[in-house]
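Trainee: I have a chain open that I've never looked at before. Can you walk me through it?

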Amino acid sequence: MAQQARAELQDLIDLPNETLGVEYKSWLDLNQPGARADLARHIAAMANHGGGVIIFGIADVFNSRPPNPFPDLPYNRDTIAGILKKYLEPSFQCDVF
């Protein structure tokens, strides 16, 4: 990840502020079809807006950053691409950091 992108991501984590292009989510159990469909819905909304960022691990109250209760679940490009392929058509690429 480029240094500038890393700094921007760190700013979003340090100073959370939800907007149309930035959304914060608690950890999701991506083994559950409902959670996967919910994530696909949020990604589709971001794409329809013109792009954006979803940050996991920060609760809606912003001051709560619980540890990931699903440490064995990969929050990676392959997992997210599989969700997009299953729930959204046409599928598209999503960066995962």
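Trainee: What is the mean pLDDT of the chain?
Mentor: The mean pLDDT is 84, and 94% of the residues reach 70 or more. pLDDT is the predictor's confidence in each residue, on a scale from 0 to 100. This is a predicted model, so local features need pLDDT of at least 70 and side-chain atom pairs count only at pLDDT 80 or more, while totals for chains, interfaces and linings use all residues. Residues are numbered from 1 along each chain as its sequence is written, and side-chain values use heavy atoms, with hydrogens and water left out.

Trainee: Which element has the lowest mean pLDDT, and which the highest?
Mentor: Among the elements, helix α1 (residues 3–14) is lowest with a mean of 85, and α2 is highest with 91.

Trainee: How many helices and strands are there?
Mentor: The chain has 3 helices and 2 strands, in the order α-β-α-β-α along the sequence. Both kinds are DSSP runs numbered from the N terminus: helices are H or I with at least four residues, strands are E with at least two.

Trainee: What about overall size?
Mentor: The C-alpha atoms fill a box of roughly 35 × 30 × 25 Å along the principal axes. The radius of gyration is 13 Å, which agrees with the value near 13 Å for a compact globule of 97 residues. That radius is taken over C-alpha atoms, and the globule rule is 2.2 Å times the number of residues to the power 0.38.

Trainee: And how much of the chain is buried?
Mentor: Of the 97 residues, 29% count as buried. Buried means under 20% relative accessible area, exposed means over 50%, and partly exposed is in between, with a 1.4 Å probe and protein chains only. The chain exposes about 6400 Å², and carbon and sulfur atoms supply 52% of that. Those areas come from the Shrake-Rupley method with a 1.4 Å probe; for residues, only the protein chains shown count as cover.

Trainee: What's in the largest nonpolar core?
Mentor: That core has 15 residues, and L28 and L39 have the most contacts inside it. At least two residues each come from α2, β2 (53–56) and α3. The largest share, 6 residues, comes from α2. A nonpolar core here is a set of buried Ala, Val, Leu, Ile, Met, Phe, Trp, Tyr and Cys residues joined through side-chain atoms within 4.5 Å.

Trainee: What is L39 in contact with?
Mentor: Outside its neighbours within four places in sequence, L39 is in contact with L28, L30, I54, F56, I80 and I83. Contact means heavy atoms within 4.5 Å. For the chain as a whole, 64% of contacts between residues at least 6 apart in sequence join residues at least 24 apart.

Trainee: Switching topic: how many salt bridges?
Mentor: There are 2. The cut-off is a side-chain nitrogen of Lys or Arg within 4 Å of a carboxyl oxygen of Asp or Glu. One salt bridge joins E23 and K25, with the closest N and O atoms 3.3 Å apart. The other joins R41 and D38, at 2.5 Å from N to O.

Trainee: Are E23 and K25 buried or exposed?
Mentor: Both are buried.

Trainee: Where do R41 and D38 sit relative to each other?
Mentor: They are 3 residues apart in helix α2 (residues 33–49), so about one helical turn separates them. R41 is exposed at 52% relative accessible area, while D38 is partly exposed at 23%.

Trainee: What does H42 contact?
Mentor: Beyond neighbours within four places in sequence, H42 is in contact with E23, K25 and I54. H42 is in helix α2 and is buried, with a relative accessible area of 12%.

Trainee: Which peptide bond is cis?
Mentor: The one from E89 to P90 is cis, with omega near -5°. Most peptide bonds are trans. P90 lies in the segment after α3 (77–87).

Trainee: Is E89 buried or exposed?
Mentor: E89 is exposed, at 81% relative accessible area. From E89 to G57 is 27 Å, C-alpha to C-alpha, with their positions 32 residues apart in sequence.

Trainee: And where is G57?
Mentor: G57 is in the loop between β2 and α3, and counts as buried at 8% relative accessibility. G57 and V96 are 39 residues apart in sequence and 14 Å apart in space, C-alpha to C-alpha.
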